[in-house]
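Student: I have not looked at this structure before. Could we go through it in questions and answers?

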Amino acid sequence: MKAYAMLKIGQSGWVEKQKPGVGPLDAVCRPLAVAICTSDVHTLFEGALGERENLTLGHECCAEVVEVGELVKDFKPGDRVIVPAITPDWSSVEAQAGYAMHSNGMLCGWKFSNVKNGVFAEYFHVNDADGNLAHLPDRISVVDACMLSDMVPTGFHAAELAGIEFGDTVLVIGIGPVGLMSVAAAALRGASRVIAVGTRPICQAAAKRYGATDVISYKDGPIDEQVLKMTDFRGVDRVLIAGGDCDTFAQAVRVLRPGGCIGNVNYLGGGDSIAIPRVEWGVGMGHKHIVGGLMPGGRLRMEKLASLLVWDRLDVKPLSTHVYHGWDHLEEALFLMRDKPQDLIKPVVVLED
Ligand code: NDP
Ligand code: ZN
């Protein structure tokens, strides 16, 4: 079969691979549509995961089941499924402790295009099919379904991590596709004021559509200074981080009220440590919480998030700004995600006729 692989850091291409087989609990699927993630860009071009040789890229797709193991109960060949980017081992002790995304090691629930071949291939393997796949409702298009793999669950996880409550003032730093879903999640969770940070006009417009009350640019000065001014120096109850770098944390801590919480889902690619400003962190006693997390996978979560689309609580259509047809366009879509032109939010490649 054909697979699009990372050959080494900075180099990728189509390769021939063996079609995967199934264990008793597993499934083999073929993608119906795939989406490119900023994480693919970090992995391939920045070596975020270190060197990988011949690793199939991609972790966002929806698919058709082609084959299932003998112990799989709820899926059969021909079923159309949502495929989460994170596919934990649900029988691990970490899953039993409530942290399935870290099953068998920190971040090890992230398997596709990290520790095993990803979904940019004619066929791919899914461990624990009953625990990880979800049936794709008829009402959801294959393009929209790709947003359920990672963008919706990750963006929403920032809101969960920060524990947004009714009436909270929320700052969302970064409004690429992940941050836009954080804005949507903040609005759904009952935030009052939602201040969004980003510069691309298409993302700013989408942020307003998803519920941002204010949009600012990090290029117009330090975020903390802008936000403190806008809030009469009271600051915010929650900060959701989906963009920026290690310095972003210092700014987030400065604008956070005591008792508030920072929910980070952003990948921090550089530096050895994250600086927390001592005085603004209440000299260690400010009750300013900082939580960072990998999005949880799992069938139940996928079904619940999909139901937001089915019942028109969430419209993910504005995210897919560039839709291609056929594997021949995959590389173009990947390079587009690397270059992030002004009119891009997310590229999707549709593979079914
Ligand atoms: P994008 O690159 O599309 O968006 C990043 C956003 O951050 C943009 O709005 C950008 O602004 C903004 N930004 C850039 N620099 C700064 C800065 N210095 N200060 C404040 N904002 C800044 O990324 P995605 O939305 O696709 O992904 C966001 C992050 O989430 C990535 O790091 C990705 O790897 C990570 N991720 C994490 C997952 C998890 O499970 N935790 C899963 C998937 C992704 P603009 O471009 O407008 O100038
Ligand atoms: Zn992703």
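Student: In which sense do strand E9 and strand E12 pair, and over how many bridges?
Tutor: This is a predicted model, and what follows is computed from it. Strand E9 covers residues 170-173 and strand E12 covers residues 236-241. One bridge sets valine 170 opposite arginine 238 in E12. The two strands pair in the parallel sense, over 4 bridges.

Student: In what order do the strands of the open sheet lie?
Tutor: The sheet is made of 6 strands, and the pairing is parallel. Its edge strands, each pairing on one side only, are strand E11 (214-216) and strand E14 (289-292). From one strand to the next the twist averages 15°. The order is E11-E10-E9-E12-E13-E14.

Student: Which strands does helix H5 touch where it packs on the sheet?
Tutor: Helix H5 spans residues 151-162. The direction of H5 makes about 150° with that of E13. The strands touched by H5 are E12, strand E13 (256-264) and E14.

Student: Which elements do the buried residues of helix H9 pack against?
Tutor: Helix H9 (residues 247-255) is mostly covered, with 7 of its 9 residues buried. Among these buried residues are Phe249, Gln251 and Val253. They pack against E9, helix H8 (223-230), E12, E13 and E14.

Student: Is arginine 257 buried, partly exposed or exposed?
Tutor: Arginine 257 lies in strand E13. Leaving aside residues up to four places away in sequence, arginine 257 touches Thr169, Arg234, Gly235, Val236, Asp237 and Lys288. Buried would require under 20% relative accessible area, and exposed over 50%. At a relative accessible area of 22%, arginine 257 is partly exposed.

Student: What separates the C-alpha atoms of arginine 257 and histidine 287?
Tutor: Along the chain, arginine 257 and histidine 287 are 30 residues apart. In space, their C-alpha atoms are separated by 8.6 Å.

Student: How many residues does each domain give to the contact between domain 1 and domain 2?
Tutor: The domain assignment gives domain 1 as 2-150 + 295-350 and domain 2 as 155-292. Their C-alpha centres lie 27 Å apart. The contact takes 24 residues from domain 1 and 17 residues from domain 2.

Student: Where does the largest nonpolar core lie?
Tutor: This core has 56 residues, and those with the most contacts inside it are Met181 and Leu314. Domain 1 and domain 2 both give residues to the core, so its place is between them.

Student: Which residues does methionine 181 touch?
Tutor: Methionine 181 is one of the residues with the most contacts inside the largest core. Residues up to four places away in sequence are not counted here. The residues touched are Met151, Val152, Gly155, Phe156, Tyr210, Leu314, Val316 and Leu319.

Student: Why is strand E3 described as largely enclosed by the rest of the structure?
Tutor: Strand E3 runs over residues 27-35. The description holds because, of its 9 residues, the number buried is 8.

Student: How many bridges join E3 to strand E5?
Tutor: Strand E5 covers residues 60-68 and runs antiparallel to E3. One pair of bridge partners is alanine 35 and glutamate 60 in E5. The number of bridges joining E3 to E5 is 8.

Student: Which residue of E16 is the bridge partner of alanine 33?
Tutor: E3 is joined to strand E16 (residues 346-350) by 3 bridges, and the two run antiparallel. E3 also pairs with strand E7 (residues 124-126) in the antiparallel sense over 3 bridges; there, valine 28 has histidine 125 as bridge partner. In E16, the partner of alanine 33 is valine 350.

Student: How are H1 and H11 oriented to each other?
Tutor: Helix H1 (residues 38-46) and helix H11 (residues 330-339) pack with their axes 9 Å apart. Residues that meet there include Leu44 and Phe45 in H1 and Leu334 and Phe335 in H11. The angle is about 90°, and 65 to 115 degrees counts as roughly perpendicular. H1 and H11 are therefore roughly perpendicular.

Student: Which residue in the turn between E1 and E2 has a positive phi?
Tutor: Strand E1 (residues 2-8) and strand E2 (residues 11-16) pair in the antiparallel sense over 6 bridges. They form a hairpin with 2 residues between them. The residue with a positive phi, about 90°, is glycine 10.

Methods: Residues are numbered from 1 along each chain as its sequence is written. Chains are lettered from A and ligands numbered from 1 in the order in which they are written. This is a predicted model: local features need pLDDT of at least 70, side-chain atom pairs count only at pLDDT 80 or more; totals for chains, interfaces and linings use all residues. Side-chain values use heavy atoms; hydrogens and water are left out. Two strands pair if DSSP finds at least two bridges between them. Axes are lines fitted to C-alpha atoms, for helices over the stretch in contact, and angles run from 0 to 180 degrees between N-to-C directions. Contact means heavy atoms within 4.5 Å. A nonpolar core is a set of buried Ala, Val, Leu, Ile, Met, Phe, Trp, Tyr and Cys residues joined through side-chain atoms within 4.5 Å. Buried means under 20% relative accessible area, exposed over 50%, partly exposed in between (1.4 Å probe, protein chains only). Domain bounds come from an automatic or database domain assignment. Angles under 35 degrees count as roughly parallel, over 145 as roughly antiparallel, 65 to 115 as roughly perpendicular and the rest as oblique.
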